[in-house]
Amino acid sequence: MSHARLADRAYAGIVELINSQSLQVGDRLPSESGLAEMLGVSRTIVREALARLTSDGFTETRRGAGSYVKSRPSDRLAAFMPWAEMPTTMGSYEVRLVLEAEAARLAAQRRSSEAMAEIEQALENLRGALLSSAPAHEEDLAFHRCVAEATANDAFVAAFNALENDIDRIMRAGVDISRSRAPEVIETMMREHETIVEAIRVQDPEGAALAMRWHLWEGRKRLMP
């Protein structure tokens, strides 16, 4: 098994451990050597997995004291992605932060009136779905694809399409988890999309990139309880 796949397995194993042992925020994880023995991998692999978990906001390392649970993935998340697939799916966020922020920047610079109209229609379609009981993930996916298309660079669309399975899984989970919370959560999600559209409309590249990056960061946080 490749180094990367071993690190994915360790990442998934630690997430599953947090959930199966009902570890709460602030609880200490087993030592690196303990995790390595439990997961059947080397300490180097465990260290890499913990670094990624820290980057994703699940754990934090306290110097000289070990690793601790920083946040727990929503229990509803498992309905949309098995723990074994979580490393790849969450890893797609790292790519999206680069890809979609730059797509929004270029869309603001290059968008045609036709592309702008498609983005605005996609926004309205998303609004209708989010404010109803409809799943909304297809409308959300269509909105983000419209932004990629507005770059007038097919490579952005191809890259977005390559991530579609992971993005779709995240969007399904994100909408479901958000709807299980206070109504303000869906309203906040809608405002994030509106901010992206407004920046593209007024052709503010930096504002569009920042709005997209903020939306993606907040989206990842909404996967937590």
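This is a short walk through some ring pairs, helix contacts and single residues in the structure above, which is a predicted model.

Let me start with the aromatic rings. A pair of such rings is described by the distance of the centres and the angle of the planes. In this model the count comes to one aromatic pair, and the two partners are Tyr-11 and Phe-58, whose ring centres are 6.3 Å apart and whose planes stand at 85 degrees, so the arrangement is edge-to-face, given that angles over 60 degrees fall in that class. If you look for the two residues in the chain, you will find Tyr-11 in helix H1, which covers residues 3–20, and Phe-58 in the loop between helix H3 (43–55) and strand S1 (59–62), so the pair ties together parts that are 47 residues apart in sequence. Are these two residues buried or exposed? Tyr-11 has a relative accessibility of 0% and therefore counts as buried, and Phe-58, at 1%, counts as buried too.

While we are on rings, there is also a charge to point out: the charged end of Arg-62 sits over the ring of Tyr-68, at 3.8 Å from the ring centre.

Now to the helices, where two packed helices are described by the angle between their axes and the distance between the axes. I will stay with H1 for a moment, because Tyr-11, which lies in that helix, comes back here. H1 packs against H3 at an angle of about 65 degrees, with the two axes 8 Å apart, and H1 passes H3 in a right-handed crossing. On the H1 side the contact is made by His-3, Leu-6, Ala-7, Asp-8, Ala-10, Tyr-11, Ile-14 and Val-15, while H3 contributes Ile-45, Glu-48, Ala-49, Leu-50, Arg-52 and Leu-53. Tyr-11 thus appears both in the aromatic pair with Phe-58 and in the contact between H1 and H3.

H3 has another partner in helix H2, residues 32–39, and here the axes come within 9 Å and cross at roughly 105 degrees, which means that H2 is roughly perpendicular to H3. The residues in contact are Glu-32, Ser-33, Leu-35 and Ala-36 of H2, facing Arg-43, Val-46, Arg-47 and Leu-50 of H3. You may notice that Leu-50 is named in the contact with H2 and also in the contact with H1.

Further along the chain, helix H6 (residues 137–149) packs with helix H8 (residues 164–179) at an angle of about 130 degrees, the axes being 9 Å apart, and that angle makes H6 oblique to H8. The contributors from H6 are His-137, Asp-140, Leu-141, His-144 and Arg-145, and those from H8 are Glu-164, Ile-167, Asp-168, Met-171 and Arg-172. The crossing of H6 past H8 is right-handed.

Let me turn to the loops on either side of H6. Most residues other than glycine have a negative phi. Which residue of the loop between helix H5 (113–130) and H6 is an alanine with a positive phi? That is Ala-136, with phi near 80 degrees, and Ala-136 counts as buried at 1% relative accessibility. In the loop between H6 and helix H7 (154–162) sits Ala-152, whose phi is also positive, near 60 degrees, but Ala-152 is exposed, with a relative accessible area of 67%.

Pro-135 is found in the loop between H5 and H6 as well, and it counts as exposed at 53% relative accessibility. Leaving aside residues up to four places away in sequence, Pro-135 touches Val-175 and Arg-179. Its C-alpha atom is separated by 21 Å from that of Val-147, twelve residues away along the chain.

Two further residues show how parts of the chain distant in sequence are placed. Asp-176, in helix H8, is partly exposed with a relative accessible area of 25%, and its C-alpha atom lies 8.0 Å from that of Arg-76, although the two are 100 residues apart along the chain. Among residues more than four places away in sequence, Asp-176 touches Arg-76 and Phe-80. Glu-206, in helix H10 (residues 205–221), counts as exposed at 53% relative accessibility, and the C-alpha atoms of Glu-206 and Leu-106, again 100 residues apart along the chain, are separated by 9.5 Å.

Technical notes
Residues are numbered from 1 along each chain as its sequence is written. This is a predicted model: local features need pLDDT of at least 70, side-chain atom pairs count only at pLDDT 80 or more; totals for chains, interfaces and linings use all residues. Side-chain values use heavy atoms; hydrogens and water are left out. Rings of Phe, Tyr and Trp (its six-membered ring) pair if their centres lie within 6.5 Å; planes under 30 degrees apart count as stacked, over 60 as edge-to-face and the rest as tilted. Helices (H or I, at least four residues) and strands (E, at least two) are DSSP runs, numbered from the N terminus. Buried means under 20% relative accessible area, exposed over 50%, partly exposed in between (1.4 Å probe, protein chains only). A charge sits over a ring if NZ of Lys or CZ of Arg is within 6 Å of the ring centre and within 35 degrees of the ring normal. Axes are lines fitted to C-alpha atoms, for helices over the stretch in contact, and angles run from 0 to 180 degrees between N-to-C directions. Angles under 35 degrees count as roughly parallel, over 145 as roughly antiparallel, 65 to 115 as roughly perpendicular and the rest as oblique. A crossing is left-handed if the near helix is turned anticlockwise from the far one by less than a right angle, and right-handed if clockwise. Contact means heavy atoms within 4.5 Å.
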